[in-house]
Amino acid sequence: MAADLARSPYWPWILLAAATVGTYLWRGLGVAFAGRLRLDSPLFQWFTCVTYAMLAALVARVIVLPVGILAETPLAFRLVAAAAGMAVMLWRRGGLLPGLAAGTGLLILLSAMVADHHRATLW
């Protein structure tokens, strides 16, 4: 039965319909229950804490154990850029975009300086 269904030309459409129902069912339930939630309840505060902890862990992993081209930059550069971005964000009192721009710009600048130094020593 499942193998016959998998060979059906309608299989991608069935998957698309199932994914659509799965996505919009949860969104609809979220809209239906959003007005009934108390944002100051202990359960909601726990969800908020878990969300922030997961985000902090993800950022720490990107900084300490990056993959891809970011792994080619020294750890000290990533830490300095992250600290500079955080400092600018705190200085601007929650200015996420200036903090992100400062950290990214500093990381690009430091990486470019090291690349120029390596290029100059090779020639």
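# Close-up views of a five-helix model

**Figure 1. Overall fold of the protein.** Read along the sequence, the pattern is α-α-α-α-α. The model is predicted. The count is five helices and zero strands. Along the principal axes, the C-alpha atoms fill a box of roughly 65 × 50 × 20 Å. The radius of gyration is 23 Å, whereas a compact globule of 123 residues would have one near 14 Å. Of the 123 residues, 11% count as buried. The protein exposes about 10300 Å². Carbon and sulfur atoms supply 75% of that area. Among contacts between residues at least 6 apart in sequence, 30% join residues at least 24 apart.

**Figure 2. A nonpolar patch on the surface.** Leu-5, Tyr-10, Trp-13, Ile-14 and Leu-16 make a nonpolar surface patch. The area of this patch is about 550 Å². Helix H2, residues 11–34, gives the largest share, with three residues. Tyr-10 sits in the loop between helix H1 (2–7) and H2. The relative accessibility of Tyr-10 is 57%. Tyr-10 therefore counts as exposed, as the value is over 50%.

**Figure 3. Helix H1 and a distant alanine.** Asp-4 belongs to helix H1. Its relative accessible area is 53%, so Asp-4 is exposed. The view pairs Asp-4 with Ala-81. In sequence, Asp-4 and Ala-81 are 77 residues apart. In space, the C-alpha to C-alpha distance between Asp-4 and Ala-81 is 55 Å.

**Figure 4. Val-31 in helix H2.** Helix H2 contains Val-31. Val-31 is exposed because its relative accessible area is 67%. Leu-5 is the partner in this view. Along the chain, Val-31 and Leu-5 are 26 residues apart. Their C-alpha atoms are separated by 34 Å. Leu-5 also appears in Figure 2, as one of the residues of the nonpolar patch.

**Figure 5. The loop between H2 and H3.** Ser-41 lies in the loop between H2 and helix H3 (42–64). Ser-41 has a relative accessible area of 14%. That is under 20%, so Ser-41 is buried. The side chain of Ser-41 reaches the backbone oxygen of Arg-38 at 3.0 Å. Arg-38 has a second partner in this view, Asp-40. The side chains of Asp-40 and Arg-38 meet in a salt bridge, at 3.6 Å from N to O. The salt bridge count comes to one. Asp-40 counts as exposed because its relative accessibility is 54%. Arg-38 is exposed as well, with a relative accessible area of 54%.

**Figure 6. Thr-73 between H3 and H4.** The loop between H3 and H4 holds Thr-73. Is this threonine buried or exposed? Thr-73 counts as buried, because its relative accessibility is 13%. Its neighbours within four places in sequence are left aside here. Beyond them, Thr-73 is in contact with Arg-78 and Ser-111.

**Figure 7. Arg-93 between H4 and H5.** Arg-93 lies in the loop between helix H4 (75–91) and helix H5 (96–122). Which sign does its phi angle have? Arg-93 has a positive phi of about 55°. The residue is not a glycine. Arg-93 is exposed because its relative accessible area is 78%.

**Figure 8. Val-114 in helix H5.** Val-114 is found in helix H5. Its relative accessible area is 27%. Val-114 is therefore partly exposed, as this value falls between the 20% limit for buried and the 50% limit for exposed. The second residue in this view is Val-64. Val-114 and Val-64 are 50 residues apart along the chain. The separation of their C-alpha atoms is 19 Å.

Definitions and conventions:
Residues are numbered from 1 along each chain as its sequence is written. This is a predicted model: local features need pLDDT of at least 70, side-chain atom pairs count only at pLDDT 80 or more; totals for chains, interfaces and linings use all residues. Side-chain values use heavy atoms; hydrogens and water are left out. Patches are made of residues with over 30% relative accessible area and no salt bridge: like charges are joined within 9 Å, nonpolar side chains (Val, Leu, Ile, Met, Phe, Trp, Tyr) within 5 Å. Accessible areas come from the Shrake-Rupley method with a 1.4 Å probe; for residues, only the protein chains shown count as cover. A salt bridge is a side-chain nitrogen of Lys or Arg within 4 Å of a carboxyl oxygen of Asp or Glu. Helices (H or I, at least four residues) and strands (E, at least two) are DSSP runs, numbered from the N terminus. Buried means under 20% relative accessible area, exposed over 50%, partly exposed in between (1.4 Å probe, protein chains only). The radius of gyration is taken over C-alpha atoms; the globule rule is 2.2 Å times the number of residues to the power 0.38. Contact means heavy atoms within 4.5 Å. A polar contact is a pair of N or O atoms within 3.5 Å; within protein, one must be able to donate a hydrogen and the other to accept it, and residues adjacent in sequence count only if both atoms are side-chain atoms.
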